[in-house]
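I set out to record, entry by entry, what I looked up in this structure. The notes follow the order in which I worked.

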Amino acid sequence: MKKFFSSKPFILTIGTLAIASLLPFGVSDYILGVLTTAFYFAVFSMSWDLLFGYAGEVNFGPTFLIGLGAYGAGMADSLLNLPVPVCILIGALAAVIGGVALAIPALRLTGPYLGLITLVAVLLLQQVIVIFAGVTGGEIGLSMPDVLSVNSAPNYEYALAFMTVSGAILFAISRSNFGLILQAAGQDPIAARALGFNITKHKIAAFAISALFSGLSGALLVFYLGTASVNAVVDIAIGVRVIIAAVLGGRRTIIGGAIGAIFLIVAGEILRPLGQLSTLVVAIMALIVIMVSPDGLLGMLRARRTT
Amino acid sequence: MNLKGFIAARSIRAGLLASAATMLVGFAGWAVSPAQAADPIKIGITTELATIPGKAIANGAELAADQINAAGGIDGRQIQLVIEDDHLSSTDAVSSFQRMVKEDHVVAVVGTFVSEVGLALEPWSARLHEPYLITGAAANQLSQFVHKDYARNKYIFHAYLPAAFLAQAVCDASHDILVNQFHMKTAVILSEDAAWTQPLDAGYQGCLPKAGLTVEKEIRFSPDTTDFTPIYQQLASLNPNVIIAGWAHVGVQPTVQWNTQHVPIALAGINAQAGSSQFWQATNGGTEGVITGNVAAPGVAITPKTLPFSDAYQKKFGYSPAYSAYTTYDAMYMLKDAIERAKSTNALPLVAALEKTDMVGTQGRLEFLGQSSQFTHALRYGPGYVTGVAIQWQSGQQKTIWPLNLANAKAEFPSFVKLPKMAAN
Amino acid sequence: MLVLQILIDGFAISTLYALGALGFTLIFGVSGVLNLAHGGLLVVSAMIAYYVGTRLGLGAYIGAGAGILAGIVTAMATYLLIVRPIQRSRVIPARERELFVLTGTLLWGVMLQEMLSYIFTDTPITVKPLLPGIVDFLGVTTPANEFITAAISWVVLGCLWLLVNRTKMGKQLLAASINPRGLTLLGFELSRIYLLVWIIYGVLAGIAGILLGSFLGTSSEFIPALTGSAFSIVVLGGLGSVSGTLFAAYVIGYIETLTAYLVSPSLRNVPALVLLILVLYIRPQGLLGRR
């Protein structure tokens, strides 16, 4: 453990985060705004990586969990007028319940079958939001009376702190015995069971943890945006972005999810002058990266260091 | 390599480096230039470029900016547009709105035809004290939001008609055409399930009976519906004279299926996509006989400004303007007018000047409703102000059939539509 | 009357669903690829058919021909640019190729959508129907195009059946799906078989896309939804099972039609989604799938 804290990657990460925390003193509000969104997306991708990279669960519906967190928090705010922290906790709770509900089919299904179930969960959530438009805001989205802050700097620092803490916890989990058992269960469930591990308990816990961070991040994101809408937190396109970010950054690394998400969003901003074509160019870049380096951006960094 | 080649290669490399550095610096926002009196006035446009009405917003703004700049700008300052695509996403729209305000320091933001995007941007307009003119979305809530908390939300202007007024326009046109000319008596409301159609349907329910049409049923369907056969079969058994539509997200499919299935009921109301000149091809001519409300129509001089605008638009872009081009073009001129009267580009004086807007635009006389109206800061509707027009597709062309004093054609329906027996004939 | 109406309308929709999902299940059955850009193939074909048939004014039939050609080209591009490089990649571990094919085709679908939206905008269009006009069938007025659509779909399905079960080529395809290594040992070239099956896939997707586009309209925005519904039908029927796919298409088509007619058009999609979850939970291999 001691060795880990003095390792190069660790020092590099701490250094980057330290510089990142000082950014509000040097750069414009606009960059802070871009990075704020990117940091919340980073947590989405890291949570997804815990499920996929470690437990091997093909979750095509990260936005089911994100959406539950976002709408749970948003509706608590707009309908019940509860204080913001309470709303965020309600959102996180809703997401955890949703995560456990997803874990039940995951105990029986794998691969494309589970993928489809998670996809259908997103579609159903979307339908429910539209059908109960009276309380959810429907197609139009939910406008929320409260936001975290109007100013960019505090919003940025909240998001950075949240990403750092979440990333540290998820990373620690992935490197713990728990993470190793998950990985074993994902790769060879029969052997893992034969070794005496309770796979059921571990899988449910993995879904709950992933849901907790997805939900928290979704809740914080809507309190940053001041609005929750299907196309912002539930749409399948958002889920696709989360998955692509995790694979692009480097799966089974946790940190890779953050790198991928930040890369995708920052690249999208830099390519903004291309207008409509920016998404196309980002998709091409992502495809090239995963074809050339299956371990993603993090893999590329590592490869350069070893050669 | 000879010397010349070396220098060229070096300068190319230097150029690349320099441009990379500029990009970096630009991105980091360290380049600060001192404000000067002759600095351009920046106006932000947030829109959806991949859609017909969204593209029309950008086009309308561009045309207005070109014309204003050619005529000397606003008090000698040129307009510079910052056009950003929100890809129909409220998240993208919010971040782009913040970017335009904080990075580009735009004087005002104009745009969006999607109510949910507009509603997501409104709180940010209020929080950042940034004047925002919505030029294509129609939900009542957009201007009711201003009414609810005027002091906080006064920066928002709904430079288009709220759905309640659109419903009134449809009722007025239906009375003059369908009831008076064709003796129709019964109607069915058929709207997509979206925020803007809730007040629209409520409006229809209230004003259609007064216009002389009994509402037999109100049907709402999901905007992702693609097969309308069940709905049309159900309608055929009710046998009303006319379908009063509330469509914007959908358009092509229900129109085409109305035509291919020979639904024997006239189709009128608001079919927003049918307002675009590209709709004929998109529906393979299935739109023949369809009536829709629109803000203006080709070749119809609602005001002296209408035709010069649509001609210039046609010339610049090669196709005719969609409704949101008229509203955005007018909004740009309202901004110019307000900045000149306020002699300032600061938010509060600009808002005060916008509230006093009284000018003739392409759609009619433009005035914003006051604080006492539930639709605070929406355009005033009615004769003498903005009323819109009703157009009908006839042999591949959009003909104006209402208001009657502007009409250039009489309404007529495809042979498969069963019309009530005319007493006069 | 209503019963007949539901029967006819449900039949037309279900047949389209079947045709739309067929290529997806075929390509999975033979080469184990889940193509998440499937909807893109359908929409590209429909858009090209529209562009050639309506915009260029060359008529429905030339338009349809161009659309099918576009389907083949797009299918080949999917295979040669995305799928094959991933399958042959030396850097991607064999165990994870499936995930990379999923991610790669997902990205490819995004690219197709963005390109179409850039060229043709997002506004929905309809492909010119092959046969205009309406037919009065036992008192139910139905567009002639609906009958043509169903007829073409069944002819295509029949041809595919003959191809797989009655030709030498079909036997190779079957063998490739059951035991690819055995086939290689017998001296057949797998890569040629795969190429062939992607071409068949392109034709199927092209026809399905054009018929869908003339019946229900199309737009670049429909791509994810089309992929999703093909995926649902195929998994419901049992991955890789052609008869299962047909069966599932009719189950979903009729449930949707019944809901739309008898409950409410706006709830159309909900019962099918719930059924999908239930079936997957009780019978994960799908209705007609083998484990």
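**Entry 1. Chain C against chain B**

I began with the boundary between chain C and chain B, and I asked whether any salt bridges cross it or none. The rule finds zero salt bridges across this interface. I note here that the model is a predicted one.

I next looked up polar contacts, and the count between chain C and chain B is eight residue pairs, both residues at pLDDT 80 or more. I then asked which elements of chain C supply at least two residues each to the side that touches chain B. They are helix 1 (2-31), helix 2 (38-55), strand 2 (140-143) and helix 10 (242-263). I sorted the residues of that side by type and recorded 14 nonpolar, 11 polar and six charged.

For the extent of the contact, I recorded 31 residues of chain C touching 27 residues of chain B. The area buried between these two chains is about 2,400 Å², and carbon and sulfur atoms give 56% of that area. In chain C, the residues that lose the most area to chain B are Thr126(C), Leu216(C) and Pro265(C). Together these three account for 21% of what that side buries.

**Entry 2. Chain C against chain A**

I turned to the other partner of chain C in my notes. How many residues does each chain bring to the contact between chain C and chain A? Chain C brings 41 residues and chain A brings 34 residues. I looked up the buried area for this pair, which is about 3,600 Å², with 79% of it given by carbon and sulfur atoms.

I checked for salt bridges between chain C and chain A, and the count is zero. I also checked for residue pairs in polar contact, both at pLDDT 80 or more, and the rule finds zero across this interface.

I then listed the helices of chain C that each supply at least two residues to the side touching chain A: helix 3, helix 4 (97-120), helix 9 (223-237) and helix 11 (270-282). Helix 4 of chain C gives the most to this side, with 14 residues. By type, the residues of this side divide into 30 nonpolar, seven polar and four charged.

**Entry 3. Two domains within chain B**

I looked up the domain assignment of chain B, and it gives two stretches for each domain. Domain 1 covers 41-161 + 303-366, and domain 2 covers 164-294 + 395-402. The C-alpha centres of the two domains lie 29 Å apart.

I recorded that 11 residues of domain 1 are in contact with 10 residues of domain 2. The area buried between the two domains of chain B is about 1,000 Å², of which carbon and sulfur atoms give 63%. On the side of domain 1, Ile52(B), Asn140(B) and Leu161(B) lose the most area to domain 2, together 38% of what that side buries.

I found zero salt bridges across this domain interface, and two residue pairs in polar contact, both at pLDDT 80 or more. The residues of domain 1 that touch domain 2 divide into seven nonpolar, four polar and no charged.

**Entry 4. Backbone details in chain B**

I looked for residues other than glycine with a positive phi, and I noted His105(B), with phi near 50°. His105(B) lies in the loop between helix 3 (90-102) and strand 3 (108-111) of chain B. Is His105(B) buried or exposed? His105(B) counts as exposed because its relative accessibility is 58%, and the cut-off for exposed is over 50%.

I noted Ser395(B) as well, a residue other than glycine with a positive phi near 50°. Ser395(B) is found in the loop between strand 13 (389-394) and strand 14 of chain B. At 62% relative accessibility, Ser395(B) therefore counts as exposed.

I also recorded a cis peptide bond, from Trp402(B) to Pro403(B), with omega near -5°. Pro403(B) lies in the segment after strand 14 (397-402) of chain B.

**Entry 5. One arginine in chain C**

I closed with Arg84(C), which is found in helix 3 (residues 60-88) of chain C. Its relative accessibility is 25%, so Arg84(C) counts as partly exposed. I also looked up the separation of Arg84(C) and Trp154(C): they are 70 residues apart in sequence and 31 Å apart in space, C-alpha to C-alpha.

Notes:
Residues numbered from 1 in each chain as written. Chains lettered and ligands numbered in written order. Predicted model: local features only at pLDDT ≥ 70, side-chain atom pairs only at ≥ 80, totals over all residues. Heavy atoms only, no water. Contact = heavy atoms within 4.5 Å. Buried area = accessible area lost by both parts, 1.4 Å probe. Salt bridge = Lys/Arg side-chain N within 4 Å of Asp/Glu carboxyl O. Polar contact = N/O pair within 3.5 Å; in protein donor to acceptor, adjacent residues only side chain to side chain. Helix = DSSP H or I, 4+ residues; strand = E, 2+ residues; numbered from the N terminus. Nonpolar A, V, L, I, M, F, W, Y, C, P; charged D, E, K, R; others polar. Domains from an automatic or database assignment. Buried < 20%, exposed > 50% of the residue type's maximum accessible area, 1.4 Å probe, protein only.
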